[in-house]
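Biologist: I am new to this structure and would like to walk through it with you. Could we take it one question at a time?

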There are 2 protein chains.
Amino acid sequence: MEPNPSSSMHSYCLEISPMEVHKVVPPPHRSTLQKLKTRLKETFFPDDPLRQFKGQPLNKQWILAAQYFFPILQWGPNYNLKLFKSDIVSGLTIASLAIPQGISYAKLASLPPIVGLYSSFVPPLVYAVLGSSRDLAVGPVSIASLILGSMIRQEVSPTHDPLLFLQLAFSSTFFAGLFQASLGLLRLGFIIDFLSEATLIGFMAGAAIIVSLQQLKSLLGITHFTTQMGLVPVLSSVFHNTHEWSWQTILMGFCFLVILLVARHISMRKPKLFWVSAGAPLLSVILSTILVFAFKAQHHGISVIGKLQEGLNPPSWNMLHFHGSYLGLVMKTGLVTGIISLTEGIAVGRTFAALKNYQVDGNKEMIAIGLMNIIGSSTSCYVTTGAFSRSAVNHNAGAKTAVSNIIMSVTVMVTLLFLMPLFQYTPNVVLGAIIVTAVVGLIDIPTAYQIWRIDKYDFIVLLCAFFGVIFISVQEGLAIAVGISIFKILLQVTRPKTVILGSIPGTDIYRNLHHYKEAVMVPGFLILSIEAPINFANKTYLKERIMRWVEEYETQKDEKQQSSIHFLILDLSAVSGIDTTGVSLFKDLKKATENRGVELVLVNPVGEVMEKLQRADAANDILKPDTLFLTVGEAVAALSSTMKGQSSSHG
Amino acid sequence: MEPNPSSSMHSYCLEISPMEVHKVVPPPHRSTLQKLKTRLKETFFPDDPLRQFKGQPLNKQWILAAQYFFPILQWGPNYNLKLFKSDIVSGLTIASLAIPQGISYAKLASLPPIVGLYSSFVPPLVYAVLGSSRDLAVGPVSIASLILGSMIRQEVSPTHDPLLFLQLAFSSTFFAGLFQASLGLLRLGFIIDFLSEATLIGFMAGAAIIVSLQQLKSLLGITHFTTQMGLVPVLSSVFHNTHEWSWQTILMGFCFLVILLVARHISMRKPKLFWVSAGAPLLSVILSTILVFAFKAQHHGISVIGKLQEGLNPPSWNMLHFHGSYLGLVMKTGLVTGIISLTEGIAVGRTFAALKNYQVDGNKEMIAIGLMNIIGSSTSCYVTTGAFSRSAVNHNAGAKTAVSNIIMSVTVMVTLLFLMPLFQYTPNVVLGAIIVTAVVGLIDIPTAYQIWRIDKYDFIVLLCAFFGVIFISVQEGLAIAVGISIFKILLQVTRPKTVILGSIPGTDIYRNLHHYKEAVMVPGFLILSIEAPINFANKTYLKERIMRWVEEYETQKDEKQQSSIHFLILDLSAVSGIDTTGVSLFKDLKKATENRGVELVLVNPVGEVMEKLQRADAANDILKPDTLFLTVGEAVAALSSTMKGQSSSHG
């Protein structure tokens with residue numbers, strides 16, 4: 001079976017003579033229903049999730065289905081002590097990060113600090129049962145917290161009406177979860193793909209700056225701070241309240257910020273020392289709490305968290321708002337935070353799955369994250385997802401399965417039950433420093449530079465997201481960047497490339513004249529390649545552009561004393577689809593070229609295009625055997641002999 | 001220079017040995033600025049309007065520029081008596097159509113009938129100077145009238161506040177013109193391309209039915225008629241007011257409707273008898289007016305137009321509303337009617353230009369139509385454009401230049417100055433019959449059937465537009481259809497085709513295995529062709545789909561006892577572009593395939609793709625010379641020899 005290349009080359013020479021030409025055949029017939037089925041499958045089930053069920057006995061199918069919906073059943077039975085040892089180390093490590101971050105992020109969302117701990121208890125348990133990633137560390141994250149807080153704050157004040165604010169936060173979480181789970185169930189996961197890398201890099205950098213600016217409140221000890229998020233109002237609020245700056249707070253904040261940033265730097269340099277940055281936040285909390293307690297610093301201008309209630313998550317399903325005037329707000333907040341947190345969770349899951357070489361099913365993950373938030377919303381949790389920084393620590397600490405999430409959850413539970421009084425004297429300034437350290441990592445300058453180098457348009461998208469977030473608002477910055485990204489796609493479709501092909505001397509290969517300098521035009525032929533599906537949005541453009549190629553050639557020809565065009569060859573290899581408007585392009589082109597004495601020749605229309613051209617009325621005109629070829633080479637060979645025949649009979 | 005195909009074939013055999021392989025070279029270097037310039041030119045100036053100016057003396061350039069902006073200077077100097085004879089016939093013919101249609105369409109827009117005549121006087125003169133189509137007959141059209149009327153009626157009643165209604169109509173016309181001219185000046189004409197053929201066919205059929213239903217008011221003589229447009233409210237209004245039906249009106253309406261439809265039918269059958277349908281409306285108006293006058297039918301339940309003011313267009317710039325609470329309404333109305341009437345005008349212009357084989361510059365036409373409406377709005381005209389039915393008559397009557405528009409305009413002027421009293425007794429029922437006859441032509445069932453045959457998805461778009469217009473509203477029906485069309489494009493981008501290629505035996509040609517039944521797979525190779533630009537919206541899908549191809553092949557291989565894959569060849573010929581996210585696809589794929597012991601090979605990346613891959617960090621990994629080839633054939637030939645070498649050294 002092994003092909004012998006030299007012999008196949010040889011046979012090629014023997015079999016192909018210029019007169020033997022391969023026919024373009026219509027694709028095998030399939031009914032509309034079959035085509036629809038294939039199309040729907042490719043659109044919504046590209047990963048073919050039912051593949052593994054095929055040909056299995058019913059009994060086995062049930063087990064597979066249960067394992068499909070509850071991945072814990074898949075890895076659970078093989079779980080052993082060795083895995084557990086790894087998981088307990090990583091679980092405790094991320095718990096030490098989750099507790100201070102949970103409290104900090106809850107404050108970022110203008111929620112009571114304890115809600116951040118609640119949110120680090122229930123969701124990880126749910127995810128451990130439903131999720132398929134082995135590295136994801138679940139809990140509150142900075143950007144979703146920021147957006148949730150800022151969107152609800154637009155209509156309700158967290159200081160004047162804290163109960164309503166909390167209710168709306170839980171309701172938004174419910175809708176975020178509902179939305180996430182629906183995307184997964186309806187297999188519309190590709191919606192999050194519309195957040196391109198450039199958009200996300202710009203957005204996250206902007207959000208990091210916004211979040212850091214918000215921390216100036218606790219880092220400087222300002223009591224009267226703006227409720228707005230933008231760069232300008234925050235900075236003006238900071239510098240109009242210089243009399244409120246507290247030197248004790250600033251000193252403490254500065255020291256802990258330096259400690260945390262140095263710890264982060266050490267871990268970045270040597271990934272083996274991951275525990276340095278993982279342990280630093282908890283250590284800072286403990287240290288600062290002791291300091292405050294020892295020096296009674298709360299009486300010297302350093303604000304502290306204050307009394308926190310002991311006990312596990314109280315139920316909150318009775319706090320969900322499904323009616324009334326705030327329904328629109330919570331649905332919108334749920335939608336935005338849902339998409340953002342989903343994007344982060346899926347991206348993190350995929351990154352680590354690729355590192356360890358296992359599969360993460362995007363749609364299934366969406367259902368897992370969605371259910372986690374729905375359940376969370378009725379147990380006093382706000383929006384959670386897989387956090388990038390904590391998942392990285394989890395991975396570095398050697399997490400093997402989702403059991404590390406369970407360990408973390410148990411640790412948080414112990415904290416909630418017994419350790420809450422210890423946080424009473426924890427200063428807010430340390431929480432601010434922890435947040436700043438965490439979000440600094442969101443500013444990814446090397447990738448931004450890489451984007452600048454590869455694609456300038458993408459870099460513009462990045463800048464729009466960045467400046468939109470900083471100067472307008474988090475949601476609008478994101479919306480602008482997504483809009484520009486989609487506009488670029490539409491522009492590519494509306495203005496597809498047409499490329500002029502030349503023959504590479506001594507071969508049968510035709511390539512872009514402007515790319516391959518050795519390629520030369522074949523006299524009498526204008527060979528164009530259309531590089532996009534032809535549809536209503538680009539038909540007019542394509543017609544005008546192709547006719548301009550013809551005109552330009554005719555103009556140049558007089559200068560260079562070339563022979564005039566006899567044939568316009570359109571290479572359709574790259575035209576992957578066509579619609580009814582697109583079909584009429586060939587009718588129009590045929591007419592326009594005939595008026596100039598040029599014959600239109602089509603090369604290699606692919607299945608769908610061939611089929612639709614055949615069904616059009618103009619088929620008889622366009623799909624004549626002497627103007628339809630399988631390759632450009634064959635078309636040129638066959639037609640030049642005709643041309644020669646004609647010119648010799650004329651002469 | 002004439003290539004001898006057989007000798008070139010021969011030389012191909014001699015020169016290509018399996019070891020000699022053509023290199024993929026990076027495209028010639030161009031700076032970012034050069035690339036930006038090319039890109040902008042291709043996007044906004046695909047027709048290269050400045051081409052004709054190149055290399056001309058300054059003096060000549062001025063003349064060309066004047067001719068460019070005022071096409072009348074181009075054809076005017078060569079105008080002669082012979083052309084004038086043709087134009088006077090066609091001008092008078094379209095005038096006989098324009099006068100009754102003008103009055104009717106103004107009523108359709110709930111405007112005073114005389115505004116329809118004003119609108120047939122000034123705009124044709126403006127167009128004659130600025131427009132580049134020789135066949136376009138300019139004036140009010142049914143669909144734009146319908147939309148204008150229905151949109152303004154949503155907020156202002158034409159019976160309770162006729163002056164405000166008129167002011168808003170003129171202001172909307174101003175914004176429509178401003179919008180149209182801006183599209184042309186900013187060279188954003190491609191926006192109207194987003195109205196696909198399917199959308200327009202469905203939309204126009206729906207609008208024709210809505211317009212005809214509105215005529216039931218005058219055809220049945222109902223006085224209390226609904227102000228809504230939908231199918232359901234109109235029919236319920238008709239059958240709840242059966243007591244208002246007037247048999248005299250119904251009889252008269254029925255007779256004239258039959259006459260007009262028969263006349264239309266005759267002209268459709270024999271295009272030479274175009275004057276039958278062209279003259280019928282005016283004849284019906286004259287005949288019915290005489291009948292009413294003779295029988296004093298206005299006292300027997302037949303409603304008549306009533307007294308019309310004599311004289312030319314009064315100025316109306318003082319009636320334009322640029323402030324206050326209705327600004328949003330008039331801008332929205334201007335936008336929608338502007339786009340719709342522009343689409344009709346451009347499409348009509350292009351159709352007849354193609355018939356007579358001359359060029360119509362879309363962007364220039366937009367400026368002409370836009371200025372015509374801006375000037376019209378300050379001379380008591382409402383939205384006008386090139387009307388399809390009248391332009392067809394114009395063309396059939398032998399119009400040679402825009403002078404026929406001037407003749408029509410002069411005829412309308414004479415009517416306005418001297419003949420207005422004659423219309424006093426014209427019955428409304430005849431105007432209704434004229435409108436119905438005119439819009440019947442908008443229902444294009446053969447094209448709809450053709451769309452059904454060629455593309456089922458397009459047919460769904462058509463149905464959405466049709467039912468949306470009939471049951472929801474004219475604007476929303478249109479918006480839904482455009483939305484679905486764009487969604488289809490985005491879906492194509494998100495779910496691009498990947499095709500598995502096989503070699504056609506005895507040749508170097510590789511084609512889709514599922515299309516060409518004779519194509520066979522090459523053992524040890526999986527050859528895939530990606531048929532779309534790779535970007536953020538499809539990278540994840542492509543990665544999953546390609547890995548599924550690999551897995552499927554491995555599964556099948558065991559069944560068919562084929563050899564396993566050694567090389568995954570990706571043919572990138574059809575990948576016309578790539579972005580930063582897309583570049584990472586190859587990095588991910590390389591990793592995923594390496595884990596399976598498969599080597600990733602790229603074939604023929606085109607200029608832009610090659611360039612961006614080179615700039616990416618992973619370039620050294622991906623663009624190795626032994627995994628990058630110019631054609632699939634060469635890749636297979638070169639790699640099979642490696643494979644053989646390996647297996648023989650192993651054995």
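Biologist: In what order do the six strands of the open sheet in chain A lie?

Modeller: Happy to help, and please keep in mind that this is a predicted model. The pairing in the sheet is mixed. At the edges stand S4 and strand S8 (628-629) of chain A, each of which pairs on one side only. Read across the open sheet of chain A, the order is S4-S3-S5-S6-S7-S8.

Biologist: Which residue of S4(A) is the bridge partner of Gly502(A)?

Modeller: Let's look at how the two strands meet. S3(A) and strand S4 (residues 510-512) of chain A run antiparallel and are joined by three bridges. Their hairpin has six residues between the strands, and Gly506(A) takes a positive phi near 80° there. In S4(A), the partner of Gly502(A) is Arg511(A).

Biologist: And which residue in S5(A) stands opposite Leu501(A)?

Modeller: Strand S3 (residues 498-503) of chain A is mostly covered, with five of its six residues buried. Four bridges tie S3(A) to strand S5 (residues 525-530) of chain A, and the two run antiparallel. Opposite Leu501(A), in S5(A), stands Ile527(A).

Biologist: Do strand S6 and strand S7 of chain A run parallel or antiparallel?

Modeller: Strands of a sheet pair through backbone hydrogen bonds, and either direction is possible. Here Ile569(A) stands opposite Val601(A) in S7(A). Five bridges join strand S6 (residues 567-571) of chain A to strand S7 (residues 599-603) of chain A, and their direction is parallel.

Biologist: Turning to chain B, why is one side of strand S4 and of strand S8 left without a neighbour in the sheet?

Modeller: Chain B has an open sheet of six strands with mixed pairing, in the order S4-S3-S5-S6-S7-S8. Strand S4 (510-512) and strand S8 (628-629) of chain B stand at its edges, so one side of each has no neighbour, because each has a single partner strand.

Biologist: Which residue in S5(B) is the bridge partner of Ile500(B)?

Modeller: Strand S3 (residues 498-503) of chain B and strand S5 (residues 525-530) of chain B run antiparallel, with four bridges between them. In S5(B), the partner of Ile500(B) is Leu528(B).

Biologist: How far apart are the end C-alpha atoms of helix H21 of chain B?

Modeller: Among the buried residues of H21(B) are Leu478(B), Ile484(B) and Val493(B). Helix H21 (residues 474-494) of chain B has 21 residues, so at 1.5 Å a residue it should span 30 Å. The distance between its end C-alpha atoms agrees, at 30 Å.

Biologist: What relation do the two chains have to each other?

Modeller: A turn of 180° with a shift of 0.0 Å along the axis lays chain A on chain B, with an RMSD of 0.1 Å. That makes the relation one of a two-fold axis.

Biologist: Which residue of chain A has the C-alpha nearest the axis?

Modeller: The axis to look for is the one about which chain A turns by 180° onto chain B. At 2.2 Å from it, the nearest C-alpha in chain A is that of Ala574(A).

Biologist: How many charged residues are on the side of chain A that touches chain B?

Modeller: The copies meet through the same surface, because 100% of the interface residues of chain A are also interface residues in chain B. The contact takes 92 residues from chain A and 93 residues from chain B. On the chain A side, 39 are nonpolar and 27 polar, while the charged ones number 26.

Note on methods:
Residues numbered from 1 in each chain as written. Chains lettered and ligands numbered in written order. Predicted model: local features only at pLDDT ≥ 70, side-chain atom pairs only at ≥ 80, totals over all residues. Pairing = 2+ DSSP bridges. Buried ≥ 20, exposed ≤ 12 C-beta atoms within 10 Å, placed from the backbone. Expected span 1.5 Å × (residues − 1). Least-squares fit on C-alpha atoms with pLDDT ≥ 70 in both. Contact = placed C-beta atoms within 7 Å. Nonpolar A, V, L, I, M, F, W, Y, C, P; charged D, E, K, R; others polar.
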